[in-house]
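Colleague: I am new to this one. Please take me through it and say what each term rests on.

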Amino acid sequence: MRPISLLYGLGLTVSAWAQSGSIEAYIASESPIAKAGVLANIGPNGSKSQGAKAGVVIASPSTSDPDYLYTWTRDSALVFKAIIDEFTLGRDTTLRPHIDNYVTSQIQQQQVSNPSGTVSTGGLGEPKFHIDLSAFTGGWGRPQRDGPALRATAIIAYANWLIEQGNTTYVTNTIWPVLELDLNYVVANWNFTGFDLWEEVSSASFFTTAAQHRSLREGATLATKLGKTSLATSYTTQAVNTLCFLQSYWNPSGGYVTANTGGGRSGKDANVALASLHTFDPAAGCDAVTFQPCSDKALSNLKVYVDAFRSIYPINSGISSSAAVATGRYPEDTYYNGNPWYLTTAAVAEQLYDAIIVWKAQGSIQVTSTSLAFFQQLVPSAAVGTYASSSTTYTTLLNAVQTYADGFILVAARYTPSDGSLAEQYLRATGAPVSAKDLTWSYASLLTAFKAREGVASAGWGAAGLTVPATCSTGGGGGSGGATVAVTFNVQATTVFGENIYITGSVDALRNWSPDNAILLSSANYPSWSLTVNLPASTRIEYKYIRKYNGAVTWLADPNNVLTTPASGTYTVNDNWR
Ligand code: NOJ
Ligand code: NOJ
């Protein structure tokens, strides 16, 4: 027991501590609650997860409004990555049986045929299963292609530790087969669209690409260690391609990463902070190629993301533009009317704590023209430059970022109920908890943020010194020559006889927004209209469908649809007329 929790009597509630302004008090009280909250949701003996197989993580014990009594591959992998890090860092040596159970459960889950396919025909992209590991066959946003990558990353962390302990045989015989299935899935599917981590739109997603890239890099390193050189080569080849594609999400004029090109969203999304902290590698410094937490791009993005919530949530009103606020998934979110989430608010803090770890380790902070707005928000006098730890500017900037980061934990603290339980969301108008109660991922997200605040980083994955191949540098402009990819547009549209659907958009190949020259889609699969057209690779493209009937043109309602083409391969978008 930490002494601090003894100092605060049982009479004080968590929220009262939060109001007292003491982040240490919140961390001291919430840490054991969050840890117990995670373990309660893991089978077979978790107190809130009866019926879950050994090693299975339930998303939440909630069975209605919403029903989250399922196991999601993503949530489970992120939660177990946190558990495996605690174990391998020697912070809690009692966790090992859970980890072994998790590995065993995933060996079984991988083999379960489901609506996304069998183990060899795409089934690894299935997002969720029943807690006895049988397939969930209802309608859902599937496939989701981050799951296999995140699971590989979690299990690789365990495999690396086992090898250090001299247990290579177990890794080769038992663990490698699971990893090979997941990594081969990533190799085969990274350039196909799928549903993103929020499960609503099928598109390219920064989080998914970043997770895939990381898994391929560390998968290649492990494969090499185990003597599987041709697999290592294949993983590295596709890692290079995913890293290339990852660059295309950056929107230089907006100063942020367009996280998700689907559904007409702005692309400002917690997706990116989550990607940054889950691909944190302390050895990579502030490298922007992998959007490290202290990179100028990731910091600029963080400002744009956080600012997107300042005016839309009533609980944020009156808060200074330089202080922390409640943040959610993305500003256009309408799920439960669109609210802040504990795990997204914690993610902002964790990204900044990770940044602080690196600045302290390297003994300097660099402000670039890209990150200037982020720093000036906190310290108006900040200027472009590199500040050594001996300078007062370094201290000023570091303290400002620390206070800002702590502010996000204190926002979560303010809206944590007195029993310390964490739901999925808290209401935008009042801060009262809403949606799934005891969300495992919420608990894990606070625990990993607290750990980062202590200055503890998890093992790296080989992000240091990576470079993007020159062939990718031509992307972004549109029509800049070079590589193209075949893009298939499918749009569901009911028409009357004689009425046809066309497409036009922001690049030459889509006729530069010309309704007169717009390209006719095929109605062979009516009411689905289709067209496959070669478009420049690694390029962000806006487009719209139009209807033509008796010479009259009707445009699809605003906003423009957006896609970002991959560096190679093919790409499909599925849209609806609206
Ligand atoms: C449930 C999903 O888990 C959530 O992410 C989504 O927002 C809602 N369904 C609405 O589609
Ligand atoms: C909805 C979230 O959007 C999704 O990311 C998560 O996997 C599920 N809930 C389960 O927690």
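**Ligand 2 and the cavities**

Modeller: To begin with ligand 2, one of its oxygen atoms is 2.6 Å from an N or O atom in the side chain of Asp-75. The model is predicted, so local features need pLDDT of at least 70 and side-chain atom pairs pLDDT 80 or more, while totals for chains, interfaces and linings use all residues. Residues count from 1 along each chain as written, chains are lettered from A and ligands numbered from 1 in written order, and side-chain values use heavy atoms, without hydrogens and water.

Colleague: What makes the pair of Asp-75 and ligand 2 a polar contact?

Modeller: A polar contact is a pair of N or O atoms within 3.5 Å; within protein, one must be able to donate a hydrogen and the other to accept it, and residues adjacent in sequence count only if both atoms are side-chain atoms. The Asp-75 pair is at 2.6 Å, so it qualifies as a polar contact. A polar backbone atom of Leu-197 is also 2.6 Å from an oxygen atom of ligand 2, and a polar side-chain atom of Tyr-68 lies 3.2 Å from a nitrogen atom of the ligand.

Colleague: How much of ligand 2 does the protein bury?

Modeller: Alone, ligand 2 exposes 290 Å², and the protein buries 98% of that. Such areas come from the Shrake-Rupley method with a 1.4 Å probe; for residues, only the protein chains shown count as cover.

Colleague: Which residues are closest to ligand 2?

Modeller: Tyr-68, Arg-74, Asp-75, Leu-197 and Arg-329 are the closest of the 13 that surround ligand 2, where near means a heavy atom within 4 Å. By class, this shell has 8 nonpolar, no polar and 5 charged residues.

Colleague: Why is a space called a cavity here?

Modeller: On a 1 Å grid over the protein atoms alone, a cavity is a set of points where a 1.4 Å probe fits but cannot get out. By this rule there are 5 cavities of 30 Å³ or more. The largest has a volume of about 410 Å³, a volume being the space filled by probe spheres set on the points, which are joined across faces, edges and corners.

Colleague: What lines the largest cavity?

Modeller: Its lining has 32 residues, with Lys-81, Leu-277, His-278, Glu-350 and Thr-448 nearest the centre; lining residues have an atom within 4 Å of a point. The largest share, 6 residues, comes from α15.

Definitions and conventions: On a 1 Å grid over the protein atoms alone, a cavity is a set of points where a 1.4 Å probe fits but cannot get out, and a pocket is an open set with protein on both sides within 12 Å along at least five of seven lines; lining residues have an atom within 4 Å of a point. Helices (H or I, at least four residues) and strands (E, at least two) are DSSP runs, numbered from the N terminus. Ala, Val, Leu, Ile, Met, Phe, Trp, Tyr, Cys and Pro count as nonpolar, Asp, Glu, Lys and Arg as charged, and the others, Gly among them, as polar.
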